[in-house]
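Here is a short set of exercises to work through with the viewer open. Try each task yourself before you read its solution.

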Amino acid sequence: MTSRSVALAVLSVIALLGALTAAATTGTPAVDVEAGRRKAEVCAQCHGPDGNATAPGTPSIAGMPAFYTHWQLIMYRDGRRRDPQMTPFAERLGEGDLADVAAFYAAQRATARPASTDPARVAAGRPLAEKFHCTSCHGPRLLGQGQVPRLAGQDFDYLMKRLSGYKAKSASDLDGMMTMVAQGLTAADIESLVHFMASLPPAP
Ligand code: HEC
Ligand code: HEC
């Protein structure tokens, strides 16, 4: 990927973020975090009561930007993102539930997932996150923003599955940016980046 196309990609993410903000602030009812907590009770068996999951392969959603969670739930519900465990639960959420649930998880504090990261891989991954502009979209400490997810301290197996999925062009992708970014990564880059991301503190 050329640096010009990355610059354009970053700009279009910022534009999409503006569009989503405008959509969310016009005429939508106020979100209710307490209602979100009740509606998320069925999610706890996999994601934990506060959105900190423990099973390898299941993402933690505590501290995720609310827009990101909201849009991913829409994509599971519409069938644009598929997962045998996740899809049935997203399908049961009503229109008014998505924003409440997303706001509830955004308000929870993320805790680190246990991961046996290799210090040499972590050191190799750190400069790659700058080189491939991961930090331009996901934030300087990869904590996420707007429709861009938090990567810091996320489950190792899940990060590996998602990043490899974008590279293989088989992962769902809201705006196509990640599929484009991942094409420039080698298998070794992906491995190092996952060690690096999993080693970072998940909360500010
Ligand atoms: C039976 C286990 C299970 C239950 C119950 C469950 N999930 Fe999930 N969830 C998963 C798994 C596994 C994934 C990762 C699937 C994938 O790779 O797409 C996931 C992914 C997600 C994601 C995407 C996270 C990201 O970083 O992209 C969100 C958001 C989410 N779940 C929200 C919910 C909500 C809200 C509920 C309750 C209404 C719920 N889940 C119930 C297992 C579950
Ligand atoms: C142009 C902006 C942009 C850049 C640059 C970027 N990302 Fe992303 N990333 C996104 C967006 C937007 C998503 C959500 C896409 C979706 O709907 O699946 C995402 C999703 C992800 C996910 C899935 C997380 C989850 O919770 O499911 C991973 C892993 C990821 N990015 C890693 C990276 C890495 C590593 C780099 C650098 C090599 C990078 N990203 C560069 C915008 C970007």
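**Warm-up.** Is Gln108 buried or exposed?

Gln108 is buried, because its relative accessible area is 16% (buried means under 20% relative accessible area, exposed over 50%, partly exposed in between, with a 1.4 Å probe and protein chains only). Now find its place: Gln108 sits in the loop between helix 6 and helix 7 (helices are DSSP runs of H or I with at least four residues, strands are E runs of at least two, and both are numbered from the N terminus). Last, follow the side chain of Gln108 to the backbone oxygen of Phe104, at 3.0 Å.

**Before you go on.** This is a predicted model, in which local features need pLDDT of at least 70 and side-chain atom pairs count only at pLDDT 80 or more, while totals for chains, interfaces and linings use all residues. Residues are numbered from 1 along each chain as its sequence is written, chains are lettered from A and ligands numbered from 1 in the order in which they are written, and side-chain values use heavy atoms, with hydrogens and water left out.

**Exercise 1. Work out how the iron atom of ligand 1 is held.**

Step 1: pick out the protein donors. His47 (NE2) and Met86 (SD) coordinate this iron atom at 2.0 to 2.1 Å (donors are N, O and S atoms within 2.8 Å of the metal, or 3.2 Å for Na, K and Ca; water is not among the atoms, so sites may look incomplete).

Step 2: check the geometry. The six donor atoms around the iron atom of ligand 1 subtend angles of 86 to 179 degrees, so the arrangement is octahedral. For the cut-offs, six donors count as octahedral, and four as square planar, if opposite donors are over 155 degrees apart and all others between 65 and 115; four count as tetrahedral if all angles lie between 85 and 135 degrees, and anything else is irregular.

Step 3: place the pair in the chain. His47 belongs to helix 3 and Met86 to helix 5, so the two tie together parts 39 residues apart in sequence.

Step 4: look at accessibility. His47 counts as buried because its relative accessibility is 10%, and Met86 counts as buried at 16%.

**Exercise 2. Describe what surrounds ligand 1.**

Step 1: list the neighbours. There are 23 residues around ligand 1, and Cys43, Cys46, His47, Met86 and Lys161 come nearest (a residue is near a molecule or strand if one of its heavy atoms lies within 4 Å of it).

Step 2: sort them by class. The shell around ligand 1 has 15 nonpolar, five polar and three charged residues (Ala, Val, Leu, Ile, Met, Phe, Trp, Tyr, Cys and Pro count as nonpolar, Asp, Glu, Lys and Arg as charged, and the others, Gly among them, as polar).

Step 3: pick up the contacts to oxygen atoms of ligand 1. A polar side-chain atom of Lys161 is 2.5 Å from one, and a polar side-chain atom of Arg81 lies 2.8 Å from one. For Tyr76, a side-chain N or O atom is 2.8 Å from an oxygen atom of the ligand.

Step 4: ask who contributes. Helix 4 gives the largest share of this shell, four residues.

**Exercise 3. Do the same for ligand 2.**

Step 1: start at the metal. The iron atom of ligand 2 has His138 (NE2) and Met178 (SD) as protein donors, 2.0 to 2.1 Å away. Its six donor atoms make angles of 84 to 179 degrees, and the site is octahedral.

Step 2: place this pair. His138 is in helix 8 (residues 134-138) and Met178 in helix 10 (residues 177-182), 40 residues apart. Both His138 and Met178 are buried.

Step 3: move outwards. Of the 28 residues around ligand 2, the nearest are Cys134, Cys137, His138, Tyr158 and Met178. By class, this shell divides into 20 nonpolar, five polar and three charged residues. Helix 9 gives the most to it, with five residues.

Step 4: add the contacts. Side-chain N or O atoms of Tyr158 and Gln72 reach oxygen atoms of ligand 2, at 2.6 Å for Tyr158 and 2.9 Å for Gln72.

**Exercise 4. Locate Asp155.**

Asp155 lies in the loop between helix 8 and helix 9. At 5% relative accessibility, Asp155 counts as buried. Finally, look across to Pro59: Asp155 and Pro59 are 96 residues apart in sequence, yet 5.9 Å apart in space, C-alpha to C-alpha.

Note on methods: Polar contact = N/O pair within 3.5 Å; in protein donor to acceptor, adjacent residues only side chain to side chain.
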